[in-house]
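Visitor: I should like to go through this model with you, one topic at a time. Shall we begin?

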Amino acid sequence: MVIDTNVLISALLSASSLPAHLIVLWREGRFDLLTATAQLDELTRVTRYPKIRERLAPALAGRLINELRDLAILIQNPALTTKSPDPDDNLLLGIAQAGSADFLISGDKRDVLALKLFEGTKIITVRDFLTLHRRLP
């Protein structure tokens, strides 16, 4: 599975949110998570935005980034694609393709969610994933 950076940020901002529940399931080993260095760099950059830092302890963001680096499957050289108008979404699609991900979880309704399917990867929301797998809190 690939989790969009916007979902990871949402998980950090609210411990009781559905994205946070998704991260708990990952930490429990319920699914493998795919990422790439470029996504970790994006997550680091975004968590440093003043608007995010007002609401997020740096240690909390650092912990998740370190966990992703240590526990997620790191995809080297994700495939290059231009399927989405958003370059960050194209990175996620490349990770999904290179890692043969079953799911890409996103909250980005305008771009990547509109694709619904890419190279065998289902692109759905957190709620839809949790409902599909009967994991809603």
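Visitor: In which helix does T47 lie?
Guide: This is a predicted model. In it, T47 belongs to helix α3, which covers residues 37–47.

Visitor: Is T47 buried or exposed?
Guide: T47 is buried, because its relative accessible area is 9% and buried means under 20%.

Visitor: Which backbone oxygen does its side chain reach?
Guide: The side chain of T47 reaches the backbone oxygen of T44, at 3.0 Å.

Visitor: And what does T47 touch further off in sequence?
Guide: Leaving aside residues up to four places away in sequence, T47 touches I9, L12, I52, R53, L56, A61 and I65.

Visitor: Turning to pockets, what volume does the largest one have?
Guide: The largest pocket has a volume of about 270 Å³. It is lined by 18 residues, and D4, T5, N6, E42 and V46 are the closest to its centre.

Visitor: Which helices supply at least two residues of that lining?
Guide: Those are α1 (5–13), α3, α4 (50–53) and α6 (87–98). Helix α1 gives the most, with 5 residues.

Visitor: How do the lining residues divide by type?
Guide: The lining of the largest pocket has 6 nonpolar, 3 polar and 9 charged residues.

Visitor: What about the second largest pocket?
Guide: Its volume is about 210 Å³. Of the 14 residues that line the second largest pocket, M1, R30, F31, F103 and F129 are the closest to its centre. This lining divides into 7 nonpolar, 3 polar and 4 charged residues.

Visitor: On to the interior. Which members of the largest nonpolar core touch the most other members?
Guide: They are I3, L22, W26, F31, L68, I105 and F129, in a core of 31 residues. The elements that give two or more residues to this core are α1, α2 (18–27), α3, α5 (58–71), β4 (103–105) and α8 (126–132). Helix α2 gives the most to this core, with 6 residues.

Visitor: F129 has come up twice now. What does F129 touch?
Guide: Not counting residues up to four places away in sequence, F129 touches M1, L22, F31, F103, I105 and I124. Of these, L22, F31 and I105 are also among the core members with the most contacts to other members, while M1, F31 and F103 are among the residues closest to the centre of the second largest pocket.

Visitor: Let us change topic. Which residue in the loop between α7 and β5 should I look at?
Guide: K116 lies in that loop, between α7 (112–115) and β5 (117–118). K116 has a positive phi of about 65° although it is not a glycine. Most residues other than glycine have a negative phi.

Visitor: Is K116 buried or exposed?
Guide: K116 is exposed, with a relative accessible area of 60%.

Visitor: And what is the phi of E119?
Guide: E119 has a positive phi of about 50°, and it is not a glycine either. E119 is found in the loop between β5 and β6 and is exposed, with a relative accessible area of 58%.

Visitor: Where is K122 found?
Guide: K122 is in strand β6, residues 121–124. K122 is partly exposed, with a relative accessible area of 44%.

Visitor: Which residues does K122 touch?
Guide: Not counting residues up to four places away in sequence, K122 touches D102, F103, L104, K116 and L117. K116 is the residue with the positive phi of about 65°.

How values were computed: Residues are numbered from 1 along each chain as its sequence is written. This is a predicted model: local features need pLDDT of at least 70, side-chain atom pairs count only at pLDDT 80 or more; totals for chains, interfaces and linings use all residues. Side-chain values use heavy atoms; hydrogens and water are left out. Helices (H or I, at least four residues) and strands (E, at least two) are DSSP runs, numbered from the N terminus. Buried means under 20% relative accessible area, exposed over 50%, partly exposed in between (1.4 Å probe, protein chains only). A polar contact is a pair of N or O atoms within 3.5 Å; within protein, one must be able to donate a hydrogen and the other to accept it, and residues adjacent in sequence count only if both atoms are side-chain atoms. Contact means heavy atoms within 4.5 Å. On a 1 Å grid over the protein atoms alone, a cavity is a set of points where a 1.4 Å probe fits but cannot get out, and a pocket is an open set with protein on both sides within 12 Å along at least five of seven lines; lining residues have an atom within 4 Å of a point. Grid points are joined across faces, edges and corners, and a volume is the space filled by probe spheres set on the points. Ala, Val, Leu, Ile, Met, Phe, Trp, Tyr, Cys and Pro count as nonpolar, Asp, Glu, Lys and Arg as charged, and the others, Gly among them, as polar. A nonpolar core is a set of buried Ala, Val, Leu, Ile, Met, Phe, Trp, Tyr and Cys residues joined through side-chain atoms within 4.5 Å.
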